[in-house]
Amino acid sequence: MASRQAPLCGLAPCCLWLLGVVLLMNASARPANHSSARERAGNREENEILPPDHLNGVKLEMDGHLNKDFHQEVFLGKDMDDFEEDAEPRKSRRKLMVIFSKVDLNTDRRISAKEMQKWIMQKTAEHFQEAVAESRAHFRAVDPDGDGHVSWDEYKVKFLATKGHNEREVAEKIKNKWDLNIDEETQEVLENLKDRWYQADNPPPDLLLTESEFLSFLHPEHSRGMLQFMVKEIIRDLDQDGDKKLSLSEFISLPVGTVENQQGQDVDDSWVRDRKREFEELIDANHDGIVTMAELEDYMDPMNEFSALNEAKQMIAIADENQNHYLEPEEVLKYSEFFTGSKLVDYARSVHEEF
């Protein structure tokens, strides 16, 4: 499990670093509530040194959308790719039952909330370990002199190289403080990334990031200070009355756009339904109808054990057809699409074959 850094303080004022990440995605806006990791696959090659637009095992995306793949991420962990849509159903069912057996610690052929909580924490730790390994590789890529620190100028050179600029020419211009001749959009992105760089830089700020600070720059879920900053940005974007809190109506407000047909209406209805359930059952901890920054931070903290227990209870409730507060093999197979993202047919018969 990655250790958290101390809260960051005394840093430059928060700017719209989130906008910078969105601008770099070069993708059309999602129509509603979710984004999919499988839809995002393949978008990372060009921008490997950029902060990812999606964080595995975190409930909300950076733009405040619900993470569509969250349940699969915390149930399957690194095994998500084994359950692609074109996977052979029988093999997928067998793999799902193997996972069931691992979650079922006392081997009583049913999964309790406590067992699911422990499993969620274990899978989240796997995602943390992957993020650390990814960040370490990217850090080496942007630290050409190998001194264990990355300056903002070093990072800027590598970033502009990913945008098609000549790396040597950019380095020479920065060294001599010449005009970089970059377009307005790229300049705005750079400014937003620099603000994020400041946030990841432990005080006193020197614009030099260590390997652990660079991890926080790429993955704010690894740093208490960066997680708090991310929460503030999400609340700022959704808060309509400026009280720095979220009401239910603010949280479920539909994204900007017009519903043009029944399909669009169905998507928007799903947006409201899913976000209302999330707000009332998981985020609003004291059920007073208002979500504070502290409540949203606890909800989004991937390593919060209490939140993991609440999530475990909700995951069980969704598939708990006999309402005994446990998950049984038949229920997991029947609701395989919820747990794996793939619908596995003939669940009733296959439970006897595979488990």
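Trainee: Which residues does Phe 214 touch, not counting residues up to four places away in sequence?

Mentor: In this predicted model, Phe 214 touches Ser 135, His 138, Phe 139, Val 142, Tyr 155, Trp 197 and Leu 209. Phe 214 itself lies in helix 9, residues 211-218.

Trainee: Why is Phe 214 called buried?

Mentor: The relative accessible area of Phe 214 is 0%. Buried means under 20%, so Phe 214 is buried. As for long-range placement, Phe 214 and Pro 51 are 163 residues apart in sequence, while their C-alpha atoms are 9.8 Å apart in space.

Trainee: What does Lys 158 touch, not counting residues up to four places away in sequence?

Mentor: Lys 158 touches Ile 49, Ala 141, Val 142 and Glu 167. Lys 158 lies in helix 6, and its C-alpha is 10.0 Å from that of Leu 50, with the two positions 108 residues apart in sequence numbering.

Trainee: Which residues of helix 6 are buried?

Mentor: Helix 6 covers residues 152-162, and its buried residues are Trp 152, Glu 154, Tyr 155, Lys 156, Val 157, Phe 159 and Leu 160. Gly 164 follows the helix and has a positive phi, near 100°.

Trainee: The record marks a serine. Where does UniProt place the feature "modified residue: Phosphoserine", and is that residue buried or exposed?

Mentor: UniProt places this feature at Ser 92, a residue of helix 4, which spans residues 89-103. The relative accessible area of Ser 92 is 3%. The limit for buried is under 20%; therefore Ser 92 is buried in this model.

Trainee: What makes Arg 109 partly exposed, and Gln 323 exposed?

Mentor: Arg 109 has a relative accessible area of 42%. Partly exposed covers values between the buried limit of 20% and the exposed limit of 50%, so Arg 109 is partly exposed. Gln 323 stands at 64%; exposed means over 50%, and Gln 323 therefore counts as exposed.

Trainee: What is noted about phi in Arg 109 and in Gln 323?

Mentor: Both values are positive although neither residue is a glycine: phi is about 65° in Arg 109 and near 55° in Gln 323. Most residues other than glycine have a negative phi. Arg 109 lies in the loop between helix 4 and helix 5, and Gln 323 in the loop between helix 14 and helix 15.

Trainee: Which peptide bond is cis?

Mentor: The bond from Pro 203 to Pro 204 is cis, with omega near -5°. Pro 204 is found in the loop between helix 8 (184-200) and strand 4 (208-209).

Trainee: How do you know that the length of helix 10 agrees with the expected span?

Mentor: Helix 10, residues 224-238, has 15 residues. The expected span is 1.5 Å times one less than the number of residues, so helix 10 should span 21 Å; its end C-alpha atoms are 21 Å apart, which agrees. Its buried residues include Met 226, Phe 229, Met 230 and Ile 234.

Trainee: Which members of the largest nonpolar core touch the most other members?

Mentor: They are Phe 75, Met 116, Met 315, Leu 327 and Phe 339, out of 30 residues in that core. Helix 3 (70-76), helix 4, helix 5 (113-142), helix 14 (305-319), helix 15 (329-334) and helix 16 (336-340) each supply at least two residues of this core. Apart from it lies another core, of 25 residues, among them Phe 159, Ile 174, Leu 207 and Met 226.

Trainee: What does Phe 339 touch, not counting residues up to four places away in sequence?

Mentor: Phe 339 touches His 71, Gln 72, Phe 75, Leu 76, Met 116, Met 315, Ala 319, Leu 327 and Val 332.

Trainee: How many helices and strands does the chain have, and what confidence does the chain average?

Mentor: The chain has 17 helices and 6 strands. Its average pLDDT is 83, and 78% of the residues score at least 70. Among the elements, helix 1 (residues 17-25) has the lowest mean pLDDT, 40, and strand 6 (residues 290-291) the highest, 98. Over residues 1-46 pLDDT stays under 50.

Trainee: What share of the chain counts as buried?

Mentor: Of its 355 residues, 48% count as buried.

Technical notes
Residues are numbered from 1 along each chain as its sequence is written. This is a predicted model: local features need pLDDT of at least 70, side-chain atom pairs count only at pLDDT 80 or more; totals for chains, interfaces and linings use all residues. Side-chain values use heavy atoms; hydrogens and water are left out. UniProt positions are given in the numbering used here, feature names are shortened, and annotations may be inferred rather than shown by experiment. Helices (H or I, at least four residues) and strands (E, at least two) are DSSP runs, numbered from the N terminus. Buried means under 20% relative accessible area, exposed over 50%, partly exposed in between (1.4 Å probe, protein chains only). A nonpolar core is a set of buried Ala, Val, Leu, Ile, Met, Phe, Trp, Tyr and Cys residues joined through side-chain atoms within 4.5 Å. Contact means heavy atoms within 4.5 Å. pLDDT is the predictor's confidence in each residue, from 0 to 100.
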